[in-house]
Amino acid sequence: MIEPFASRPAPKLVFGPGALRELPACVRTAGGTAVFLVSDPGIARAGYLARAERLLSDAGLPVTTFTESRENPTESDAAACAAAARTQPFDCFVALGGGSSLDTAKAANFLFTNGGVMHDYHGYGKATKPLLPLIAIPTTAGTGSETQSYTLISRDGSHEKMACGDPSALPRIAILDPELTATLPRTTATLSGLDALTHALESSVCTKRNAVSSLYAEAAFRHLSSAIARVVTGLPTEADRSDMLLGAAFAGLAIENSMLGAAHASANPLTARHGVVHGHAVAHMLPAVMRFNSSDPAAAAIYARLESLLRATGTTTLPLIDWFTDIVARSALPPLDATKIDFALLADDATRQWTGKFNPRALQAEDFVALYRRAFSPHATG
Ligand SMILES: [Zn+2]
């Protein structure tokens with residue numbers, strides 16, 4: 001029996017090495033005549049920003065640039081970007097950078113078009129006027145923000161991450177150019193890649209999964225799993241970078257059409273209270289969550305299908321969870337010190353995470369404590 005569903009639209013995807021050169025045509029396709037370009041200092045240093053500016057100005061498209069996007073953008077960061085947007089007329093946002101640049105641009109789009117502050121848009125569909133078209137150009141293969149109608153913004157004064165979404169916040173076009181990820185440092189590529197893989201694995205089994213999200217999740221898993229082993233050891237090929245970038249965008253579409261689960265719910269408090277980077281936190285928690293979920297027969301069947309995919313592609317002969325645990329072990333991430341962590345406190349935070357509500361098995365606080373114990377046990381096999 002196919003469960004009823006209503007799919008969400010996807011941005012137009014423009015994929016290929018060198019696809020950045022399609023930017024002026026994409027702006028015109030989106031109806032834009034002048035651009036507000038959102039990026040960050042690292043992208044400026046890498047020279048990508050200047051390339052994008054030159055492409056636009058050579059095509060006769062005026063461009064104003066904001067390069068102050070920061071990691072884990074806050075309400076104030078969004079307001080600063082929106083204030084910069086008000087200095088020159090424009091009719092199309094372009095976001096060039098990692099997930100933080102993309103989320104900052106999306107958030108500024110809410111404020112620029114609808115006013116107010118970001119917590120006014122916490123939830124979905126709170127904008128009363130349509131947002132401007134946005135073209136997203138990710139330079140990391142990770143968050144999948146380029147294919148989602150949500151932006152993640154931290155509330156000022158607390159660590160609370162707010163998901164603010166609207167149908168018109170979905171990027172109109174995502175330009176996926178693997179050449180832009182060629183200069184990523186190993187750690188950044190590893191952390192964002194593990195996050196993308198976690199998106200594929202969590203959305204595969206979440207309670208909101210459906211025929212469309214499952215297509216995207218499985219395709220994402222196929223692309224990401226074929227390349228991740230070389231990404232985490234710092235030796236990705238050109239083909240691997242293509243697989244990672246497309247896989248992350250597909251994983252974003254899987255989330256857009258379904259949800260996530262307990263790995264994100266248990267990881268977010270680790271990030272908020274202990275500063276563990278998001279990709280590290282979700283990858284640390286995922287094996288314990290998958291073992292917990294495996295007692296749900298439907299989730300176990302989905303994991304088994306993904307495991308058979310690993311075999312069929314010659315990726316590994318290990319069981320799925322052992323394979324993922326091994327990938328994380330080879331990632332050379334700094335060890336997390338369990339002695340400084342209050343599991344009960346984190347578990348309490350985790351039960352309030354919206355994303356945890358969609359895990360295939362419901363969790364109480366004591367279940368989250370058990371997940372943390374397992375994930376932080378030195379003898380855990382995952
Ligand atoms: Zn994530």
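**Entry 1: Asp 195 and the zinc ion**

I began with Asp 195 and asked whether this residue is buried or exposed. In this predicted model, Asp 195 has a relative accessible area of 4%, and because anything under 20% counts as buried, I noted Asp 195 as buried. I then looked up His 199, which is also given a relative accessible area of 4% and is therefore buried. Both residues belong to helix H6, which covers residues 186-205, and they sit 4 residues apart, about one turn of the helix.

Which residues are the protein donors of the zinc ion? I found Asp 195 through OD, and His 199, His 264 and His 278 through NE2, with distances of 2.1 to 2.2 Å from the ion. Along the sequence, I wrote the spacing of these donor residues as D-x3-H-x64-H-x13-H.

I next checked the geometry, keeping in mind that the ideal angle for four tetrahedral donors is 109.5 degrees. The angles subtended by the 4 donor atoms around the zinc ion run from 84 to 167°, so I recorded the arrangement as irregular. The reasoning needs a cut-off here, because four donors count as tetrahedral if all angles lie between 85 and 135 degrees.

**Entry 2: helix H9**

His 264 led me to helix H9, which spans residues 262-274 and has His 264 among its buried residues. This helix has 13 residues and reaches 18 Å from its first C-alpha to its last, which is close to the 18 Å expected at 1.5 Å a residue.

How many of the residues of H9 are buried? I noted 10 of the 13, so the helix is largely enclosed by the rest of the structure. Besides His 264, the buried residues include Ala 262, Ala 263, Asn 268, Pro 269 and Thr 271.

**Entry 3: helix H10**

I moved on to helix H10, residues 278-293, whose 16 residues reach 21 Å from the first C-alpha to the last, close to the 22 Å expected at 1.5 Å a residue. Where does the kink in H10 lie? I found it at Leu 286, shortly before the proline Pro 287, with a bend of about 35°. H10 is mostly covered, as 14 of its 16 residues are buried.

**Entry 4: cysteines**

I searched the whole structure for disulfides, and the search returned 0. Cys 26 is in no disulfide, and the nearest cysteine sulfur, which belongs to Cys 92, is 9.4 Å away. Cys 26 counts as buried, with a relative accessibility of 5%. Cys 164 is likewise in no disulfide, the nearest cysteine sulfur being that of Cys 81, 14 Å away. For Cys 164 I noted a relative accessible area of 0%, so this residue is buried.

**Entry 5: a sheet of 3 strands**

Cys 164 lies in strand S8, where it stands opposite Gly 123, and I therefore looked up the pairing, remembering that strands of a sheet pair through backbone hydrogen bonds, either parallel or antiparallel. The open sheet has 3 strands in the order S5-S8-S7, and its pairing is mixed. Which strands are at the edges? They are S5 (123-124) and S7 (150-154), each of which pairs on one side only. S5 and S8 (residues 161-165) run parallel and are joined by 2 bridges.

**Entry 6: Leu 20**

Last, I looked up Leu 20, which is found in the loop between strand S1 (12-15) and helix H1 (23-29). Leu 20 is buried, with a relative accessible area of 0%. I also compared its position with that of Val 232, and from C-alpha to C-alpha the two are 26 Å apart in space, while in sequence they are 212 residues apart.

Key:
Residues numbered from 1 in each chain as written. Predicted model: local features only at pLDDT ≥ 70, side-chain atom pairs only at ≥ 80, totals over all residues. Heavy atoms only, no water. Donors = N, O, S within 2.8 Å, 3.2 Å for Na, K, Ca; no water. Tetrahedral: all angles 85-135°; square planar, octahedral: opposite > 155°, others 65-115°. Buried < 20%, exposed > 50% of the residue type's maximum accessible area, 1.4 Å probe, protein only. Expected span 1.5 Å × (residues − 1). Bend = angle between axes of the 7 residues up to and from the residue. Disulfide = S-S within 2.5 Å. Pairing = 2+ DSSP bridges.
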